[in-house]
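Student: I'm new to this structure. Please pick a spot and take me through it closely, along with whatever helps me picture the rest.

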Amino acid sequence: MMAKSPLGQAVHACFEQKLVSLPISQIDFLRPVAPKVRRSAKYARIAASIDEVGIIEPPVVARRSPNNDRYLLLDGHLRVDVLASRGAEHVACLLATDDEAFTYNKRISRLAAVQEHRMILKAIEDGASEQRIARALNIDVQTLRAKKRMLAGVCPEAVDLLKDRSIAEGLFRVLKRMQPLRQIEAVELMIAMDRFTITYAEALLAATPQNQLVADDQPKQVRGLTPEQMALMERESSQLERELRVAERSYGPDHMHLVVARGYLGRLLGNARVVRYLAQQHPEFLAEFQRIIEGDTAAA
């Protein structure tokens, strides 16, 4: 099946256009579902969702061969296993035209905390009851209501920065203790350091000056830290933030200088006489120059 891209180029479709109903007995799993997985919270949540609203995202299969009536399951092992345990005989599947079992899972965007929050609000807006949504997510109603309130007190800019991140919901509870501008600064630091743990968020909270907290009339308390340690963290955090800002501003020029330097060194080491001289007189320089040219800037 071929389709047209916006540029008018032919694009090969990776799936059949319609769902196909297949006997579960003809579907071969890439890997067995272990008993430990069947006892996990994730499995219970999927089972509860299927019991309540059925299959939302169809499993993906590929034919084993053109003349074979068996199919290879590329994605949806838990969903199909739940259906089989419920006694189902057939399942509606997407039929892949390319066997991409080795890369398929890497192309799936898992539901982030912010996306789940918005999904819950949309379901409630569309008329679904809290009890039904809770059953579908395999959580109690109180937990569902906590998820509804998850972003209350977090500024929209910070939420937007985190909307596609897989993070713990508890991180938002820490951010709520900061004022909006500090929330944005904290999230930017998390992104720069690629660390989105609650522990790191609490460390940023400890390093936040009292006047940047929501309840600045109450003394800041962080478990396990003395006031002196928190004051030290505040000073070090401020210094780190200033250094990060400087690094961000200088990254472009620094990168350009590195490219120019690598080009110059490449031409320099293209001269056999220069290489021979460096090898004899300054072998340590030659080794470092070669690393820079090869892109090993960490060693340079």
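Tutor: Let's agree on one word to begin with: two residues are in contact when they have heavy atoms within 4.5 Å of each other. Keep in mind that what you see is a predicted model.

Our spot is alanine 92, which sits in strand β7, running over residues 90-96. Setting aside neighbours within four places in sequence, alanine 92 is in contact with Leu19, Val20, Ser21, Pro58 and Pro59. Another way to place alanine 92 is by its distance to lysine 18: the two are 74 residues apart along the chain, while their C-alpha atoms are separated by 9.7 Å. Is alanine 92 buried, exposed or something in between? Its relative accessibility is 37%, so it counts as partly exposed, given that buried means under 20% and exposed means over 50%.

Now compare glutamate 130, found in helix α5, which covers residues 130-137. Glutamate 130 comes out at 17% relative accessibility, so it counts as buried. Its side chain is joined to that of arginine 145 by a polar contact of 2.8 Å. Arg145 turns up again among the contacts of glutamate 130 beyond four places in sequence, together with Val141, Leu144 and Lys148.

Stay with α5 for a moment, and bring in helix α2, residues 41-53. The axes of α2 and α5 lie 6 Å apart, at an angle of about 135°. The two helices are therefore oblique to each other. On the α2 side, the contact is made by Arg45, Ala48, Ser49, Glu52 and Val53, and on the α5 side by Arg132, Arg135, Ala136 and Leu137. Sorted by class, that makes 4 nonpolar, 1 polar and 4 charged residues.

For another helix pair, look at α9 (residues 180-193) and α10 (residues 198-206). Their packing angle is about 135°, with the axes 11 Å apart. Because of that angle, α9 counts as oblique to α10. The crossing of this pair is right-handed. Helix α9 brings Arg182, Ala186, Leu189, Met190 and Met193 to the contact, and α10 brings Tyr200, Ala201 and Leu204. What is the mix of classes in the contact of α9 with α10? There are 7 nonpolar residues, no polar ones and 1 charged.

Back at our starting spot, then: alanine 92 in β7, partly exposed, with Pro58 and Pro59 among its contacts.

Note on methods. Residues are numbered from 1 along each chain as its sequence is written. This is a predicted model: local features need pLDDT of at least 70, side-chain atom pairs count only at pLDDT 80 or more; totals for chains, interfaces and linings use all residues. Side-chain values use heavy atoms; hydrogens and water are left out. Helices (H or I, at least four residues) and strands (E, at least two) are DSSP runs, numbered from the N terminus. Buried means under 20% relative accessible area, exposed over 50%, partly exposed in between (1.4 Å probe, protein chains only). A polar contact is a pair of N or O atoms within 3.5 Å; within protein, one must be able to donate a hydrogen and the other to accept it, and residues adjacent in sequence count only if both atoms are side-chain atoms. Axes are lines fitted to C-alpha atoms, for helices over the stretch in contact, and angles run from 0 to 180 degrees between N-to-C directions. Angles under 35 degrees count as roughly parallel, over 145 as roughly antiparallel, 65 to 115 as roughly perpendicular and the rest as oblique. A crossing is left-handed if the near helix is turned anticlockwise from the far one by less than a right angle, and right-handed if clockwise. Ala, Val, Leu, Ile, Met, Phe, Trp, Tyr, Cys and Pro count as nonpolar, Asp, Glu, Lys and Arg as charged, and the others, Gly among them, as polar.
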